[in-house]
Amino acid sequence: MNFKKPLNLVASAVMLSTLAACSQTTANEAPSKNQLTAFGTTENMQGSQAAALADDAWLLSSQSQGLQLIDVTGKQHALQKGNFEALSVKAIDKNSYLVASIDNEADQAVIFSLQKAAKWQLTEISRISPPKAKPEAVCLFANPTTQAVSAFVADARGLIRETLVFDMANKRALNLELREFAGVSETSGCAVDDNSKTLYLSEGELGIWQINADAESRADKKPLAMMSPFGSLAPEVGGLSTTEDGSLWFTTSEDNQLHRYENSTKRFSSWQFAGELAIESAAVRFNHNQADIVLYDDESGHYVKGQIDGQIKAQAKQQNSNKTAAVTYINAQAQTDAVRAFGDAADDPAIWVNPNNAAKSLILGTDKRRGLMVYDLAGKELQALETGRLNNVDVRQHASINNATNTWIAGSNRTHNSISVYSVDTHNQVQHLAELPTTLNEIYGMCMYSSNTGNYVFMNDKSGLFQQYKLTGDNESVSAQLVREFSVPSQPEGCSADDKTAQLFLGEEDEGIWFIGAEPTAGNKPVMLQTVNDLLVDDVEGMEIYHAKDARYLVVSSQGDYSYVLYKIIDGATPSLAFAGKFAISNNLELAIDGVSETDGLTVTPAALPGYPKGVLIVQDGYNRMPQAPQNFKIIDWREVKKAIQ
């Protein structure tokens with residue numbers, strides 16, 4: 001049965017006053033002569049949201065009749081019986097899709113595979129159950145970086161759970177919890193713009209919020225379009241949808257308006273509908289200079305279809321810069337246990353290579369709220385030495401060090417403004433030896449250096465001042481003598497010394513990479529080698545030297561864009577740095593290890609270790625996901641890093 005009576009449509013573009021978008025423009029459009037007509041079943045539909053498919057097909061959700069598809073001929077296909085609301089669709093390829101909806105009877109979000117062959121076929125592939133909470137909205141995100149699709153499920157607790165549901169590269173279903181974060185109190189809809197990695201949430205009586213959809217980031221919430229007294233949006237906002245140009249589409253039922261937000265221009269447009277309507281959601285598909293729309297009208301209890309004047313806008317493309325061209329995505333092969341609590345805690349790693357049995361080598365990591373954590377090569381925590389707020393850590397194994405394993409471990413202790421000194425005994429146990437005072441006011445980063453003139457520690461504080469201390473003694477008594485001072489203009493942290501060449505490389509967080517000789521007699525005037533730019537994005541933090549067979553590479557954390565830069569060190573009276581590659585660490589879906597972001601400290605070793613014949617890179621991970629947990633350290637096979645070397 002088809003509903004033939006047309007409904008008038010009056011189109012107008014209006015400015016929406018919002019908290020977040022202050023630079024919007026207004027466009028005035030002539031009234032449209034288009035009409036709305038009933039679409040699909042008109043009796044007992046109890047719908048909620050539609051979605052556009054290829055070949056002019058539409059998918060509809062219904063709380064009474066399940067999931068239905070209407071093809072280009074208008075024929076209706078019952079795909080799944082049940083009580084379903086909310087709908088999100090992502091194309092896998094030309095003839096297959098992922099579909100997400102909410103099963104109200106089971107209080108679960110359901111992920112389906114939709115295939116178009118001789119006939120349309122819907123197959124359930126997984127379910128997501130918020131713990132003791134009703135799901136309120138679900139939307140899919142196809143991450144262009146990780147090549148994985150995740151589902152955001154907002155629930156009645158006001159929380160959002162992100163779950164990986166599909167591996168695009170290998171065309172396989174997943175069900176891996178990624179993270180959980182605060183959403184809104186009552187979510188009426190959600191949608192994601194894949195290209196900009198933006199998650200949109202609607203809160204029916206308040207407005208629309210936006211959140212960075214990338215799991216390797218903070219889930220900070222920002223207002224986009226709000227209701228009185230914060231903006232001029234009319235109640236009530238329902239379901240959300242996005243189109244391939246990055247536009248967000250939503251409705252306000254009180255004034256029967258359809259709204260479009262163009263992310264690239266920050267421009268809002270709206271179309272108002274006349275008649276007895278209460279529109280609650282919209283699905284949109286561009287068709288030349290117009291857009292086909294399917295709305296759910298709660299007043300009539302069924303879907304309606306029409307057209308509006310609306311052109312697809314070119315999606316803003318990422319600039320084809322050296323930065324974009326240079327990035328290589330690699331994976332971690334292992335990870336350590338998480339530190340003890342959430343928050344900014346894990347900071348800097350180091351590695352002690354057991355000279356007698358490489359399999360018993362130790363990973364050392366700072367918890368800057370507690371002390372030094374000790375892990376095996378598989379990442380299992382072995383020891384926790386709660387010696388104060390340890391920021392950075394480094395290791396030297398040198399014949400001149402007078403203890404059983406010829407090892408000193410040093411750290412920058414912010415609790416005491418001191419040098420924390422440790423060693424490793426013959427039973428592979430790390431022992432705390434001493435806290436050696438410094439004259440620094442706000443100690444921060446550090447690194448170590450050994451040569452035939454002695455064993456040294458370079459300490460720095462936030463003022464930019466570096467102090468070089470010479471360590472002497474044994475396990476019974478260790479002392480530190482100040483032998484040199486120099487400085488950089490602003491806050492440093494990471495540094496790395498080459499024992500073979502007596503060179504010291506150090507990072508000034510907001511400015512770049514400096515060089516100075518590592519011997520105490522090398523003067524006090526560092527030389528700038530590399531400023532921050534599109535490739536090296538501040539903050540410049542962790543750095544370490546990797547000794548390959550025929551080259552040396554400085555690995556530097558480019559914290560500002562969640563990546564790492566490789567520089568080949570060119571020898572000379574003053575060395576220079578030649579760009580050698582740029583990489584980022586993405587999800588390892590096979591091992592359920594998440595990617596890495598906001599790295600503070602890192603370390604490398606070329607020593608052959610079990611499973612790592614060319615050594616490893618170890619990095620701190622600012623956001624530990626899959627599932628969400630406190631920060632930790634990721635372990636990367638150096639052969640993965642080599643993929644980025646140009």
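This text leads through the predicted model, from the overall chain to one sheet, one pocket and several salt bridges.

The protein chain has 646 residues, of which 58% count as buried. Its secondary structure comes to two helices and 50 strands. Taken along the principal axes, the C-alpha atoms fill a box of roughly 95 × 45 × 45 Å.

Among these strands, four form an open sheet in the order E7-E8-E9-E10, and their pairing is antiparallel. Strand E7, residues 84–93, and strand E10, residues 120–128, are the edge strands, each of which pairs on one side only. From one strand to the next, the twist averages 25°. In general terms, strands of a sheet pair through backbone hydrogen bonds, in either a parallel or an antiparallel manner. In this sheet, E7 runs antiparallel to strand E8, residues 96–103, and seven bridges join the two. Within that pairing, Lys 90 stands opposite Leu 98 in E8.

Strand E7 also leads to the second largest pocket, since E7 gives the most to its lining, with five residues. The space in this pocket is about 810 Å³. Its lining comprises 35 residues, and those nearest the centre are Val 89, Lys 90, Thr 242, Thr 243 and Glu 244. Lys 90 thus appears both in the pairing with E8 and beside the centre of the pocket. Two or more lining residues come from each of strand E3 (47–52), E7, strand E11 (135–143), strand E15 (187–193), strand E19 (237–242) and strand E23 (279–287). By class, the lining has 20 nonpolar, ten polar and five charged residues.

The text now turns to charged pairs. Side chains of opposite charge can pair when their charged atoms come close. The structure holds 32 salt bridges. One of them joins Glu 381 to Arg 340, with the closest N and O atoms 2.5 Å apart. Glu 381 belongs to strand E31 (residues 381–385), whereas Arg 340 lies in the loop between strand E27 (334–335) and strand E28 (346–352), so this salt bridge ties together parts that are 41 residues apart in sequence. Arg 340 has a relative accessible area of 42% and is therefore partly exposed, as the range for that class runs between 20% and 50%.

A second salt bridge, between Asp 594 and Lys 634, has its closest N and O atoms 3.1 Å apart. This pair likewise links distant parts of the chain: Asp 594 is in the loop between strand E47 (576–586) and strand E48 (602–605), and Lys 634 is in strand E50 (residues 632–637), 40 residues apart. Asp 594 has a relative accessibility of 0% and so counts as buried. Lys 634, also at 0% relative accessibility, counts as buried too.

In a further salt bridge, Asp 394 pairs with Arg 396, and the closest N and O atoms are 3.8 Å apart. Asp 394 counts as buried because its relative accessibility is 8%, and Arg 396 is buried as well, with a relative accessible area of 12%. Both values fall under the 20% limit for burial.

Salt bridges in this structure can also join into a network. Asp 155, Arg 157, Arg 161, Glu 177 and Glu 180 are linked in this way.

Technical notes
Residues numbered from 1 in each chain as written. Predicted model: local features only at pLDDT ≥ 70, side-chain atom pairs only at ≥ 80, totals over all residues. Heavy atoms only, no water. Pairing = 2+ DSSP bridges. Axes fitted to C-alpha atoms, helices over the stretch in contact; angles between N-to-C directions. 1 Å grid on protein atoms, 1.4 Å probe; cavity = no way out; pocket = protein on both sides within 12 Å on 5 of 7 lines; lining within 4 Å. Points joined across faces, edges and corners; volume = space filled by probe spheres on them. Nonpolar A, V, L, I, M, F, W, Y, C, P; charged D, E, K, R; others polar. Salt bridge = Lys/Arg side-chain N within 4 Å of Asp/Glu carboxyl O. Buried < 20%, exposed > 50% of the residue type's maximum accessible area, 1.4 Å probe, protein only.
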